[in-house]
Amino acid sequence: MQVEETKEFKPTIVAFCCNWCSYAGADLSGTNRLNYPANVKIIRVPCSCRVNPMFILRAFQRGADGVILCGCHPGDCHYTTGNYYARRRMTLLFSMLDFLGIEKERTRVEWVSAAEGAKFAATMNDFVATITKLGENRRLEDIRCKKQ
Amino acid sequence: MQEAMIKRAKELLAEGTVNRVMGWQAGEFAYDITPTVFSSADELDKAFVYNDFCSANVSKYMIKESRKEGKILCFLKPCDSYSFNQLLAEHRIWRDNVYIIGIPSYGKVDVNKVRAKGVTGITGIHTDGPNVVVETIYGSETMVKMDVMEDRCLCCKSKKHMVYDELLGEEGEVLQSNRFEQVEALENMTPEERYEFWRSELSKCIRCNACRNVCPACTCENCVFDNPASGVANKAPSSDFEENMFHIIRAFHVAGRCTDCGECSRVCPQNIPLHLLNRKFIKDINELYGTYQAGEDKDARGPLTNFTVDDCEPSIVHHRRG
């Protein structure tokens, strides 16, 4: 007898979190026992403006279905102005991805402070739900990096 | 124009103001004009040309040339002068070593459009009022210049020189241009249509890197695409991801510094409309952060090296259009 495999789609999410706010926020949501899906892979960066557009594309290449960048709220950057630059860069990059016809829901920027554990969990739940609905990343995938 | 330029160049050489002249000469064929450095009056007489095929932007050559000994004379068209000024703003050119003569440009001719009219064996070209006369080995052909002009010249943004030491001809004006029309048309498509459009265009890419090499804004000594560890250093198209990545990153690296000279599309051997990617960034910057023309003011701060406290959030992308 052949058993048909029904695979539930579990998206891979890459979250770039700034060391000073969002990474601490993620920590807080953990110590508060708040649930967020396990398919969110957090990458800690010193500041949201450390994130080069190449990082986002590279995440998609290596199999991410959605990429989210979390940083300190504008005005609260540990390095004073980093997130202001990140904001401009990401706006332009996301607009370009949209221009190339890549689903704009796949990329997002959220400002999460170290005190906002609940916001972090809620954001991740919402983002994972959006990506699950959207399905697999097909338009920015690299078949060479696909797991067999 | 060509005679006036040669005459002035010879004078400056004789005076000793400059010791080299940056100009153009015919390549293998009369229409593939190549930028060249001339160092004597004889060479100028022999090979210097300036005609409607001279569309190459010579600003980028000034980075290396201005570091050599002695001054170099450089002829700049209005659009080249924007690139030159942007390079000055980035401290890439030694201004003291360059003598600039601004020359007017009334639009350059696209040889592909001439060929499309069934003209072959081209040996030369000259302007005659609103027409161009293309000389061929079979005789000469007259055609309306507007019909064979390069697309980028049809939506010219400015006839004004941003930087010069002296001008040959008249000072031009900044024009009202409709250069964003094509970008708007693409924006009004559905994401699926846009994806199809860009797949069909970018999949033609052969990764020759000509767009990067010619770009006057791409002047890094060590390019990210030459890094073997980058994963995008392949000199062959190996996956559609790589094509997307290369073109997104290439356009992003010049965002806010691109003067929209259109050289990337001109040199593309596959005729990919690469300038549309750059124009999209320019259009976004204009709409979101205020009108900015790179190369216009050499003391202005670029839009990506600047910010305001109340910039829009990146989620604006989700709200704009469909």
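This is a short talk on a structure with chains A and B, going from a sheet in chain A to the contacts between the two chains.

Okay, hi everyone. Before anything else, please keep in mind that this is a predicted model.

Let's start with chain A. What is the strand order in the open sheet? Reading across, it goes β2-β1-β3-β4, four strands with parallel pairing. The edges are β2, residues 40-45, and β4, residues 107-111, and each of those pairs on one side only. From one strand to the next, you get an average twist of 20 degrees.

Now look at the β1 and β3 pair. β1 of chain A covers residues 13-18, β3 of chain A covers 66-71, and 5 bridges link them in the parallel sense. If you like cysteines, here's a spot to click on: A:Cys17 sits opposite A:Cys70 in β3(A).

Then there's a helix to add on. That's α1 of chain A, residues 22-31, and it lies across β1, β2 and β3 of chain A. Its direction is about 115 degrees to β1(A).

One residue I want to stop at is A:Ala59, which you'll find in helix α2 of chain A, residues 53-61. Is A:Ala59 buried or exposed? It counts as buried, because it has 25 C-beta neighbours inside 10 Å, and the cut-off for buried is 20 or more. So who does it touch? Skipping neighbours within four places in sequence, A:Ala59 is in contact with A:Val14, A:Ala64 and A:Val67. A:Val14 falls in β1, and so we're back at the sheet, with A:Val67 in β3.

Over to chain B. It's split into domain 1, which is 2-108 + 150-167, and domain 2, which is 181-319. Their centres, taken over C-alpha atoms, are 26 Å apart. Where they meet, 18 residues of domain 1 are in contact with 15 of domain 2. On the domain 1 side, the largest share is 8 residues from helix α4 of chain B, residues 78-89. That side is a mix by class: 7 nonpolar, 6 polar and 5 charged.

Last stop, the two chains together. Here 29 residues of chain B are in contact with 32 residues of chain A. Which elements of chain B give two or more residues to that side? They are α9 (191-202), α11 (240-253), α13 (275-289) and α14 (316-319). The largest share, 7 residues, comes from α11(B). By class, the chain B side has 20 nonpolar, 3 polar and 6 charged residues.

That's my tour, thanks.

Conventions
Residues numbered from 1 in each chain as written. Chains lettered and ligands numbered in written order. Predicted model: local features only at pLDDT ≥ 70, side-chain atom pairs only at ≥ 80, totals over all residues. Pairing = 2+ DSSP bridges. Axes fitted to C-alpha atoms, helices over the stretch in contact; angles between N-to-C directions. Contact = placed C-beta atoms within 7 Å. Domains from an automatic or database assignment. Nonpolar A, V, L, I, M, F, W, Y, C, P; charged D, E, K, R; others polar. Buried ≥ 20, exposed ≤ 12 C-beta atoms within 10 Å, placed from the backbone.
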